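Here are a few exercises to work through with a protein model on your screen. Try each task yourself before reading its solution.

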Amino acid sequence: MKLKSEALLQIQKPIEEVFEGIVNPIKMTKYFISESSGRLESGGEVIWKFPEFPDKFPVKDVTIETNRLISFVWDPETVVNIVLEALADKSTMVKVTENGKELNDENLKWLISNTGGWANFLACMKAYLEYGIQLRKGAFEFMRKK
């Protein structure tokens, strides 16, 4: 059995704005990452840095379907899919899944952590895209190694 992390949220912005908010590194640094080596593009690879971790994370095997799908690998065992759906009220449903890990105790911890992480990603993106609020700013200072 493969485990699957999943989070879903509606954002009150048109699909084009939500898509750009995910692939554009300048926008992503306002709610998710602290640095990126570039824009997410099909066939490309970027390096992400998070403010609370010293490590840098390679984002590989990127697949982009404009205004519909962003897919990538940043953990060799899993694939992240971010699916966008335009709704009748001009808002956007965003569904994030990350799957591929085998069922075991260690990976159950991963599932809980990543499900919460993707829910946090969506909440932070919603706050930033809808209201310009940077929820992540200072939120994880306690995690920095001293």
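**Exercise 1. Contacts along the chain**

Among contacts between residues at least 6 apart in sequence, what percentage join residues at least 24 apart?

*Solution.* A reminder first: this is a predicted model. Count as a contact any pair with heavy atoms within 4.5 Å. Keep the pairs at least 6 apart in sequence; of these, 48% join residues at least 24 apart.

**Exercise 2. Overall build**

List the helices and strands in order, then decide how compact the protein is.

*Solution.* Step one: count three helices and seven strands. Step two: read along the sequence to get β-α-α-β-β-β-β-β-β-α. Step three: compare the radius of gyration, 15 Å, with the 15 Å that the globule rule gives for 146 residues; the two are close, so the protein is as compact as a globular protein of that length. For a feel of the dimensions, the C-alpha atoms fill a box of roughly 40 × 40 × 25 Å along the principal axes. Of the 146 residues, 39% count as buried.

**Exercise 3. Inside the core**

Find out which elements build the largest nonpolar core, and look around F121.

*Solution.* Step one: the core has 32 residues, and W48, I70, I82, F121 and M125 touch the most other members. Step two: trace where the members come from. At least two residues each are supplied by β1, α1, β3, β4, β5, β6, β7 and α3. Helix α3 gives the most, with seven residues. Step three: set aside the neighbours of F121 within four places in sequence, and its contacts are I22, M28, Y31, F32, I82 and V96.

**Exercise 4. A nonpolar patch outside**

Which residues make the nonpolar surface patch of about 310 Å²?

*Solution.* The patch is made by M1, L103 and L108. Now take L108, which sits in helix α3. Its relative accessibility is 34%. Buried means under 20% and exposed over 50%, so a value in between is called partly exposed. That is the class of L108.

**Exercise 5. Two unusual phi angles**

Locate D61 and N67, and classify each by its accessibility.

*Solution.* Step one: D61 is not a glycine, yet has a positive phi of about 50°. N67, also not a glycine, has a positive phi of about 60°. Step two: D61 lies in strand β4, while N67 is in the loop between β4 and β5. Step three: with a relative accessible area of 57%, D61 is exposed, whereas N67, at 24%, counts as partly exposed.

Methods:
Residues numbered from 1 in each chain as written. Predicted model: local features only at pLDDT ≥ 70, side-chain atom pairs only at ≥ 80, totals over all residues. Heavy atoms only, no water. Core = buried A, V, L, I, M, F, W, Y, C linked by side-chain atoms within 4.5 Å. Buried < 20%, exposed > 50% of the residue type's maximum accessible area, 1.4 Å probe, protein only. Helix = DSSP H or I, 4+ residues; strand = E, 2+ residues; numbered from the N terminus. Patch = residues over 30% accessible without salt bridge, like charges linked within 9 Å, V, L, I, M, F, W, Y side chains within 5 Å. Areas by Shrake-Rupley, 256 points an atom, 1.4 Å probe, with all protein chains shown as cover. Salt bridge = Lys/Arg side-chain N within 4 Å of Asp/Glu carboxyl O. Rg over C-alpha atoms; globule rule 2.2 N^0.38 Å.
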